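Visitor: Hi, can you walk me through this one?

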Amino acid sequence: MKRSVKLARFASPPFILVIGYLLIIALGTLLLMLPISNHSGHAPHWIDSLFTSVSAACVTGLVVVDVNSTYTMFGETVIMVLMQLGGLGFMTLATLFALLLGRRLSLKDRLLLKEAINADSMEGIVRIIRKVLIFSFTIEAIAAVVMALRWMREMPVGQAIYYGIFHSVSLFNNGGFDLFGSSFQRYAGDFVFNMIASVLVISGGLGFLVLSDLFDFRRTRRLSLHSKMVLSVSGGLIVIGALVIFIFEFTNARTLGSLNWEGKVYASVFQSVSTRSSGTSTVDISGLRQASQFFIMLLMIIGASPGSTGGGIKTTTFLLMVGALIAVMRGQKEIVFFRHRVPKDIMMRALTIIVLALFIFSIVVMLLLMTEEAPFLSLAFEAASAIGTVGLSVGVTPGLSDAGKLIMCVTMFIGRIGPLTIAYAIRPRSTKTLYRRPEGHIVIG
């Protein structure tokens, strides 16, 4: 009996998701170590291959080597596949193959899919996944064509098509990888690129449930409470982020100062969008003022939305905490959004996620301060980028020690899977109690 209980715990959806991502990372590491994957013809240091594999599978984008000059097309393709697997989730893509083969999904498969996309129930889960796959591949294909046509003006046709596909996958899955070496700084004032890149990042960061809701909106003419909250907080954070970056960096010659008015607006908006989980940039992140870097850290920790290709504590978690703060200050006992009361168990989960994320962030910063010789803010910025699976960097990551790289690998993995999912995967089997403890009163504040 005890053995069956242990096996049941190890077969739980959170545990299988954790093991699945670990296997993908391990396979990616082995492929990136092959001589065919890099230009030198020799296998790179294993820790650099591991770091790149973790960064791609966890759709982060932090790098310790220059992707274009280090890896061949085969190696870059491995990175692109890892980003696609990490962004959409290996269970989502496994469902695609199952549907193509005409195989029916078992109850266990549906439980895994529910966990993978953070759905409330298994009802209609296959239908949602089918729409997500159609929407995802369609928008990636359209964006790849548009970007390829744009880049055909400055590079050979074959290279432009390849760049279009790679960066479409990277941007939609909030992967953060690029093949230019300096991200997209050369396109800070390019309207076409900024528009298509922003649409890709926002679409990938909204979450699969919201995409499904938007997909059905023309027929149903209604949005769920979750979708309303995600769209409102995402729009608000993008606008606020763009205004703050525009104001803080307006006269900074290293970032917005050298751009014209249009360039300033494009760069501010794109950087606000990108800080949510994309990790790409059109300005030099290391050149940002410290106030801007600190503000961007906050946006990176908030991250994208639940069930999306991005990380962070998630937009809805942030909005719930803001709602709780307002309710307490007003003396209200209930937290209400769009005329709906938020259950207490969801509020407890949100609080747990925030506390766990901040605790992990603090531990990571302290460990990096012990292993690395770099300013506090720079290390904190890299830690926030890793736990939010964003990928923005002030230039510290390539110079990390081996210990620092391993710390960042673990941080990126936790950021992608989610601290709560990992906690559920390793928690002991809970036992139900048939009684309640007496209520105690504690003085706080």
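Guide: Sure, let's take a helix pair and then a cavity. It's a predicted model, so local features need pLDDT of at least 70 and side-chain atom pairs 80 or more, while totals for chains, interfaces and linings use all residues. Numbering starts from 1 along each chain, and side-chain values use heavy atoms, without hydrogens or water.

Visitor: How do helix 12 and helix 13 cross?

Guide: Helix 12 (residues 225-249) and helix 13 (residues 261-274) cross at roughly 130°, and their axes come within 8 Å. That makes helix 12 oblique to helix 13. Helices are DSSP runs (H or I, at least four residues), axes are fitted to C-alpha atoms over the stretch in contact, with N-to-C angles from 0 to 180 degrees, and oblique is what's left after under 35, 65 to 115 and over 145 degrees.

Visitor: Which residues meet there?

Guide: Helix 12 brings residues including Leu237, Ile238 and Phe246, and helix 13 brings Trp261, Lys264 and Val265 among them (heavy atoms within 4.5 Å). The contact residues split into nine nonpolar, four polar (Gly counts here) and one charged (Asp, Glu, Lys or Arg).

Visitor: New topic: how many cavities of 30 Å³ or more are there?

Guide: One, in the whole structure. Its volume is about 100 Å³. A cavity is where a 1.4 Å probe fits on a 1 Å grid but can't get out, and lining residues have an atom within 4 Å of a point.

Visitor: What lines the largest cavity?

Guide: Among others, Asn174, Ile238, Val273, Arg276 and Ser305. Helix 10 (191-206) and helix 12 are the elements giving two or more residues, and helix 10 has the largest share, four residues.

Visitor: And which classes does that lining have?

Guide: Six nonpolar, five polar and one charged.

Terms used
1 Å grid on protein atoms, 1.4 Å probe; cavity = no way out; pocket = protein on both sides within 12 Å on 5 of 7 lines; lining within 4 Å. Points joined across faces, edges and corners; volume = space filled by probe spheres on them.
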